[in-house]
Every structure is written in structure tokens, then in C-alpha cells.
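Student: Could you take me through one part of this protein slowly, rather than giving a tour of the whole chain? I would like to see how a single strand sits among its partners, and then what surrounds that region.

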Amino acid sequence: MTTIEYDVVVIGAGPVGENVADRVVRGGLTAAIVERELVGGECSYWACMPTKALLRSASALRAARQLPGAREAVTGDLDQAAVLARRDSFASHWQDDGQVSWLESAGIALHRGHGRISSARVVEVTGTDGVTTRLTARHAVVVATGSSALLPDIPGLREAAPWSSREAAAARSVPRRLAIIGGGVVAAEMATAFAALGSSVTVLARDGVLPSAEPFAGELVTDSLREAGVSVRLGAEAVAVSRDDSGTVHISTASGEQVEADEVLVAIGRTPNTQEIGLDGIGLAPGAWLAVDDTLRVVGGGEWLYAAGDVNRRVLLTHQGKYQARAVGDVIVARAKGAAVEDGRWGRHVATADERAVPQVVFTDPEIASVGLTAAAAEAAGLRIRVVDYDLGAVAGASLHADGYKGHARMVVDEDRKVIVGFTLAGPDVAELIHAATIAVVGEVPLDRLWHAVPAYPTVSEVWLRLLEAYGR
């Protein structure tokens, strides 16, 4: 067996693993990355990029239809083939040549195959040819294997060959009827996309639509989906699934309802990709999420083992995983060189934002953009809060943006510190507005100072002034 030594070995070449390796190399160490599938990971081929490409064309068409003058220029509906072709281009046609080329240019060694931790600081990589290479790490091994779609134990579901988020993102054609089990982000976005592409969509949302968001966000998205022809069944729980000889999927609910579809998408959560990476050999549980300390070092895994991204369950979002990756890469370099570790709140080597400053956008109609805590989460955290709401459609910039603009804005204020700890926007094209709120939350900018951040007129961002006025000076 060939043995190769590096300073750091990263298991998983998705955006998180790539960023860890890049930071390590930029810091003067050597790094190898192990990948059993496509370099670039879930986000590049089955999540962030292809799914948003599926949604964007319909979003642009809706925007045009909301404006007199532009509306009259629209003479047709979405071209399914063109939308799918554009999606394919954003998924690089499921080829990773470009990502591999980037690794080479960054000085990161790539080992293709299944990586398994065999002992402290040792990862064995078995290629498709059966040949195994041993990689030893002088300083650290980083697990960045991500997560996969969770498939519940519903009788008959596995035999019915359901779609996960991967099959939905990479669909070669648009099903006439699509049933979706779940009501979270993936469920809501895919219901939006496939309804716009012509599917008859049924959503079985046992816990509601976007249950983790502010309640008004889920309500607005639910109303919009229904206006688009989607059957949204709140509280509906699938209890049995089967696919007959004709290919039709039959879903039974706890209330006795029957749903028929040509495909069924299961979107109820994620499970960590840690089942077969050798955790049992180092005293950790295979298939479990990896608990980490503030510097992303695995609890109980030794000083050499780190975990970044979905696999540590702190925040299952690509941008937060990349944020963690930068911290992990930098702290490994610091420890390797004997430099000071900045592990205090908001320090260079910790992922403080994971706690209370996570931004997220749900690309539904309307878009939902949020950062920090919801009102319910802030109260649960023991904060004394005040909630301030404003009709986003009443802002001058919104009326210019689209006729009949519907939206809502909420800020959650920590009354003891007089800073914003949560902010949610719901409305057309609000995704690009959320970073201002992220800066306010992370920077803990006092409300008195925010009065001096004057929004330009007439923009939708004027909602900041309206919220502050509603709060009172």
C-alpha cells in the first residue's frame, strides 16, 4: 500500500472541504482532499446552483408580468426545455473538470475514492479500481462529508423509488403530477419550481410550510403556492406509499386522504454522511452528527480531528459551511505554527455567527430572507424582546418595483441592549436586501446609530427607516 504524507487531509470535496484545503494551503501547509463523487459536492450539482437555476426563469417571468408595459411584451409561457438546459449548464452537466482544475491551480492534491479514517491522523482511500492509498496527516484530518436526504420509514416508500432533493434538482423531464412530502425549504422551493414548469403539485406539509421561519413567512408562501395551483395540505402526514404497475404513486395520509402522483419527492430533513468513514475505529458513532467545540474540533475525536459544514449539524447551509471552513483552515494553520488561537467571541478561529447571526434566503414566491433569531427563538433564548412589523408593500420603492407588491418585514429587538437580533423580509426580490440586516446583527449596531444609516429613496430598503419609526426614537 502506498503511503503519502500531507499536513492536512480533508475528507469531502464539496464547497466546505475545498475552502478548508484552500485556507490551509494559503497558510503555508500542504493539503490533500478526498472525494468519492464529484468535486464540488452537493451544492454545485444537486442543490444551491441547479435548484436556483430552476427557479430563476419563472421568477423573472413573474416580475415582468407584474409591470405594465413589460406585461404586454410577454407572449408565452416558460420553455421547459430551455429552463432545464440552463439548469444543466449551472450543474456543469454533472462533470467536475472545472473544479478539478481549480484544485490543481490552488496546489491541493486530489485523491478520488472512498476515504476512511483507519487510525489517528490516517485516512485510507480506496479507488474504484480497488487500490488503496494511505494518507497520513501531520497536523489534522477534517471531515467535510456533508449530509444526504433523510428517508423516513414510511411503509412502501423505499420500494416506490421516491425522489430526493438530488433527483428533483437533476430531473430530465417535468412530471405531470408531483407530490411532495415535507414543508421546509426544499419542499417549498421545489413546489414553486415545478408548479411554474407545469406540474400539478401536491404538498403534504405535516408541520406546516417553512415551520422554522416567522409565521407570516410560511403563510405568505402558502397563499402564493395555492394561487399558483398547488394543493397545500397543512397537517397532512403520509403513512403509506406504493407505486403500481403503471408507474403511478399512491400516498395514503393519516386522515384517510389518497394522493396520486407520477413522482413523489421526499423533503423532510437531512442525515449526516458519517456512516462509512471509520468513526467506529476512533471511538465515535458511525452515522452520527459530529459534535464540535468552538474551533470546530470534534469532541472526543482527539486534537487532530475537525468537522466542518453540514456534518457537525450547527447550520446546514452552504455559506455557513464555507464560513466554518475558513475558521477551521486558519486555526489548523495557527496551531501547526504555534501561533495564538483567537477563540473568543467573534475571534478569527471560531464560527460565532452560527449561534445567532445566520442569514438564509428561501427562493420561493415571495422570497423569504432572514438573519438571526425569530421572535419565538429569541424568547426561547431568554431575551427580553420587542417585535416591530411593517407592511413591505407600503414602502415607496416596493410600489415602483412591482404593481400589487405584497410583502412584510419584521425586526426583533433585544430591549436590554437595544440591538437587532433578528430580521425577516418576505416579498419579491428581497434576497439582495438581507445583507444589510446581517451586518446590523453581527455588528450589534445600536438602534440609535442605525437612525443615521439613511436609506436611499425610492428603494425597498426604505423599510429600515419605517421600522425604526415604528419602534420609536
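Tutor: What follows starts from one strand, moves out to its partners and the helices between them, and then turns to the enclosed and open spaces and two loop residues.

The model is a predicted one, and the values below are computed from it. The part I would choose is strand β9, which spans residues 200–205. Of its 6 residues 5 are buried, so the strand is largely enclosed by the rest of the structure.

On one side, β9 pairs with strand β8, residues 177–181, in the parallel sense and over 5 bridges. Within this pairing, Ala179 has Thr202 of β9 as its bridge partner. To get from β8 to β9 the chain passes through helix α7, and this β-α-β crossover is right-handed.

β9 also pairs with strand β10, residues 231–234, again in the parallel sense, here over 4 bridges. Thr202 appears once more in this pairing, standing opposite Ser231 in β10. The chain runs from β9 through helix α8 to β10, and that β-α-β crossover is right-handed as well. Thr202 is therefore a useful residue to click on when you want to follow the ladder, because it is bridged to Ala179 and stands opposite Ser231. As a general point for reading such a view, side chains in a regular strand alternate between the two faces of the sheet.

The two crossover helices lead on to an open space. The second largest pocket has a volume of about 610 Å³, and among the 21 residues that line it, Arg62, Ser224, Glu227, Ala228 and Asp365 are the closest to its centre. Helices α3, α7 (185–196) and α8 (215–227) each supply at least two residues of this lining, with α8 giving the largest share, 5 residues. Sorted by class, the lining of the second largest pocket holds 10 nonpolar, 4 polar and 7 charged residues.

Arg62 and Asp365 then take us to a closed space, since both also belong to the lining of the largest cavity. The count of cavities of 30 Å³ or more comes to 1, and about 120 Å³ of space lies in the largest cavity. Its lining includes Ser59, Ala63 and Gln66, together with Thr364, Pro366 and Glu367, and also His401, Ala402, Pro428 and Asp429. Helix α3, residues 48–65, gives the most to this lining, with 3 residues. By class, the residues that line the largest cavity divide into 4 nonpolar, 4 polar and 4 charged.

Back by the strands, a loop residue deserves a look. Ala267 lies in the loop between β14 (263–266) and β15 (270–272), and its relative accessibility of 12% counts as buried. Leaving aside neighbours within four places in sequence, Ala267 is in contact with Ile181, Gly182, Gly183, Val186 and Ala187. Of these, Ile181 falls at the end of the range of β8 (177–181), while Val186 and Ala187 fall within α7 (185–196).

For a second buried loop residue, consider Glu415, in the loop between β20 (408–414) and β21 (419–427). Although its side chain is of the charged class, Glu415 counts as buried at 14% relative accessibility. Not counting residues up to four places away in sequence, Glu415 touches Arg384, Ile385, Arg386 and Tyr471.

Note on methods
Residues are numbered from 1 along each chain as its sequence is written. This is a predicted model: local features need pLDDT of at least 70, side-chain atom pairs count only at pLDDT 80 or more; totals for chains, interfaces and linings use all residues. Side-chain values use heavy atoms; hydrogens and water are left out. On a 1 Å grid over the protein atoms alone, a cavity is a set of points where a 1.4 Å probe fits but cannot get out, and a pocket is an open set with protein on both sides within 12 Å along at least five of seven lines; lining residues have an atom within 4 Å of a point. Grid points are joined across faces, edges and corners, and a volume is the space filled by probe spheres set on the points. Buried means under 20% relative accessible area, exposed over 50%, partly exposed in between (1.4 Å probe, protein chains only). Two strands pair if DSSP finds at least two bridges between them. A crossover is right-handed if, with the strands pointing away from the viewer, the path from the first strand over the helix to the second runs clockwise. Contact means heavy atoms within 4.5 Å.
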